Amino acid sequence: MIAFAILIFLFLGSVDGFSTKSQSCTYNPEKMCKPALATAIFSTVSFLLGGLTSVLSGFLGMKIATYANARTTLEARKGLFESITGYGLGGSSMALFGRVGGGIYTKAADVGADLVGKVERNIPEDDPRNPAVIADNVGDNVGDIAGMGSDLFGSYAESSCAALIVASISSFGIDHNFTAMCYPLLISSVGILVCLITTLFATDFFEIKSVKEIEPALKKQLIISTVLMTVGIAIVSWIALPPSFTIFNFGSQKVVKNWQLFLCVGVGLWAGLIIGFVTEYYTSNAYSPVQDVADSCRTGAATNVIFGLALGYKSVIIPIFAIAISIFVSFSFAAMYGIAVAALGMLSTIATGLAIDAYGPISDNAGGIAEMAGMSHRIRERTDALDAAGNTTAAIGKGFAIGSAALVSLALFGAFVSRAGISTVDVLTPKVFIGLIVGAMLPYWFSAMTMKSVGSAALKMVEEVRRQFNTIPGLMEGTAKPDYATCVKISTDASIKEMIPPGALVMLTPLIVGTFFGVETLSGVLAGALVSGVQIAISASNTGGAWDNAKKYIEAGASEHARTLGPKGSEPHKAAVIGDTIGDPLKDTSGPSLNILIKLMAVESLVFAPFFATHGGLLFKIF
């Protein structure tokens, strides 16, 4: 963070030779803006503040979650099913490390624990005899709660910034209309109030009396918050916005009505709900896609993998159409500002989204605590029911994160193009096209790095768990305790070491491309990464989620079809465990991390745009 802060200061300060004199504004050359030195200082301080906030928020999120884990276990004794929230906030620069590092940590432990414990030794999940069980439970908090919280909050912060940048050079900023300028922040504020009210429906108005009611109750939370938020946005749009105003649109001012801006936010909000429900359809074991994947386990792991991959690719179709319609409607009404507020609309129910997302890892850990504490089998059945519902809701949360990341990245891309002084991005020019094709490759490179990192760390974990089972007398009999600390150390060391290369790829790509190839090529890279990254992220997350729930479908044996595939330890179940193990790094490391890749590259390019516009394109200048 410190090293990168120094880079920001040096690059932005050198735009005008660390001048303290005011300079012409990029958006309007007739006006004077802050000197280069002031821009460098403010950008550096903001960057460090964002990082520190992210670290603090991730820590608080995990503290809340670990308390909730134990509380869920105790409440499960009473047969209650509560929606328990875990909320982490953070800036997107640190979100990358939270997502990638946390994903490597949790999946190294998870894969190691599953392969040796469940497949080789045939012991239950979260059995205290398994040396990797503590690292597995810790990892759920690190990757799923702190990582998701920082990811979604990063989207929120970036879409707010993109909207505020465009608003400042529109009539809101020109006329010093402070209330209208704060419209993006008012959307966020109303979202918090709406989600607080929505929580009352889960805790006070609807009582959950059976396992079948858990998942529908969580879905109701999303529907209720979306409906209430639509009303809230309408009120804010009517009160805060003038009837007619102008929005900056690549050098010109576009006349916009307040009802058009309401529709921009609304279309993002409802597109998010559609993406969430499509994700649920493809990842919940209550529907045919996951049941088909489970059925394919009859003929072994190979057919399970084929069916799971096909499901993931197919699940991309409707979310992409939803995102495309949101982009078209919001841009038609209010240009890039419309896209930024559409992203805020999708994220406006973020508190509810994070609550149901954290539901999964908290329930999973509650089951682990019950297993390790030697509680009755009935308690474990209750926590498993919560966990199965939580797996689906976690997939819904990932869908929201990916959809919002696409809109946020496009809004940031528009702000970058404006700030860099690019009039048009012409795909037919070689400079842009080479950037486009390289940018489309980056998500694959990034995914390869993160997948291999999980594989390398899992390999060390498997070897350590096997060593302990083979060398510690009485471990399988339960008369001796395993060495949990060594497994925790393996996950910790691997996550810190292995997150550096993918992190460097994301952070350095815009700097290298902008400096040596210029803003046109960089605009191509950003567009290419956005287009391919969204598709891979959706398919990876949904494939992994489907494999996980196919395994749980067989284990639960809740239907006649599921009982023909089980019980635990049967050949179809072993094939399902292999699919689940393959899907772990897809759904919890590579897939979710791609959101941050496309957002962080865009926001970093926006920060350094003045430097790239002034000094960039060194290679093209030489040749």
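## Helices and strands

Helices here are DSSP runs of H or I with at least four residues, numbered from the N terminus. By that rule Met441 belongs to helix 15, which covers residues 430-471. The model is a predicted one. In total, the protein chain has 21 helices and four strands.

## Overall form

The protein chain has 623 residues and a radius of gyration of 25 Å; a compact globule with that number of residues would have a value near 25 Å, so the two agree. Along the principal axes, the C-alpha trace extends over about 80 × 55 × 40 Å.

Of the 623 residues, 57% are buried. Among contacts with a separation of 6 or more, 82% join residues that are 24 or more positions apart.

## Surface and charge

The exposed area of the protein chain is about 24400 Å², and 69% of that area comes from carbon and sulfur atoms. The side chains include 41 positive and 45 negative ones. The centres of these two sets are 3 Å apart.

## Annotated segments

An unreviewed UniProt entry carries the annotation "signal peptide" for residues 1-17. In the model, this span is 71% helix and 0% strand, and its end C-alpha atoms are separated by 24 Å.

The unreviewed UniProt entry also gives the annotation "transmembrane region" to several spans, including residues 41-62, 180-202, 400-422 and 428-446. Residues 400-422 are 87% helix and 0% strand, with 31 Å between the end C-alpha atoms. For residues 428-446 the helix share is 89% and the strand share 0%, and the end C-alpha atoms lie 27 Å apart.

## Met441 and Ala335

Met441, in helix 15, has a relative accessibility of 36% and therefore counts as partly exposed. Its C-alpha atom is 32 Å from that of Phe248, a residue 193 positions away along the chain.

Ala335 is part of helix 12, residues 317-347. Residues 316-344 are another span with the "transmembrane region" annotation in the unreviewed UniProt entry. Ala335 counts as buried because its relative accessibility is 1%, and the cut-off for buried is under 20%. Most residues other than glycine have a negative phi. The phi of Ala335, however, is positive, near 55 degrees.

## Glu120

Glu120 is in helix 3, which runs over residues 92-120. With a relative accessibility of 40%, Glu120 counts as partly exposed.

When residues up to four places away in sequence are set aside, Glu120 touches Leu115 and Arg466. Ala537 is 417 residues from Glu120 in sequence, and their C-alpha atoms are 31 Å apart.

## Met507

Met507 lies in helix 17, formed by residues 500-517. Its relative accessible area is 10%, so Met507 is buried.

Apart from neighbours within four places in sequence, the contacts of Met507 are with Phe4, Leu96, Leu600 and Glu604. For one of these, Glu604, the C-alpha to C-alpha distance from Met507 is 7.7 Å, although the two residues are 97 apart in sequence. Another contact, Phe4, falls in the span 1-17 that the unreviewed UniProt entry annotates as "signal peptide". Leu96, also in contact with Met507, lies within helix 3, residues 92-120.

Methods: Residues numbered from 1 in each chain as written. Predicted model: local features only at pLDDT ≥ 70, side-chain atom pairs only at ≥ 80, totals over all residues. Heavy atoms only, no water. Helix = DSSP H or I, 4+ residues; strand = E, 2+ residues; numbered from the N terminus. Rg over C-alpha atoms; globule rule 2.2 N^0.38 Å. Buried < 20%, exposed > 50% of the residue type's maximum accessible area, 1.4 Å probe, protein only. Contact = heavy atoms within 4.5 Å. Areas by Shrake-Rupley, 256 points an atom, 1.4 Å probe, with all protein chains shown as cover. Lys, Arg positive; Asp, Glu negative; His and termini not counted. Charge placed at Lys NZ, Arg CZ, Asp CG, Glu CD. UniProt positions renumbered as here; feature names shortened; annotations may be inferred.
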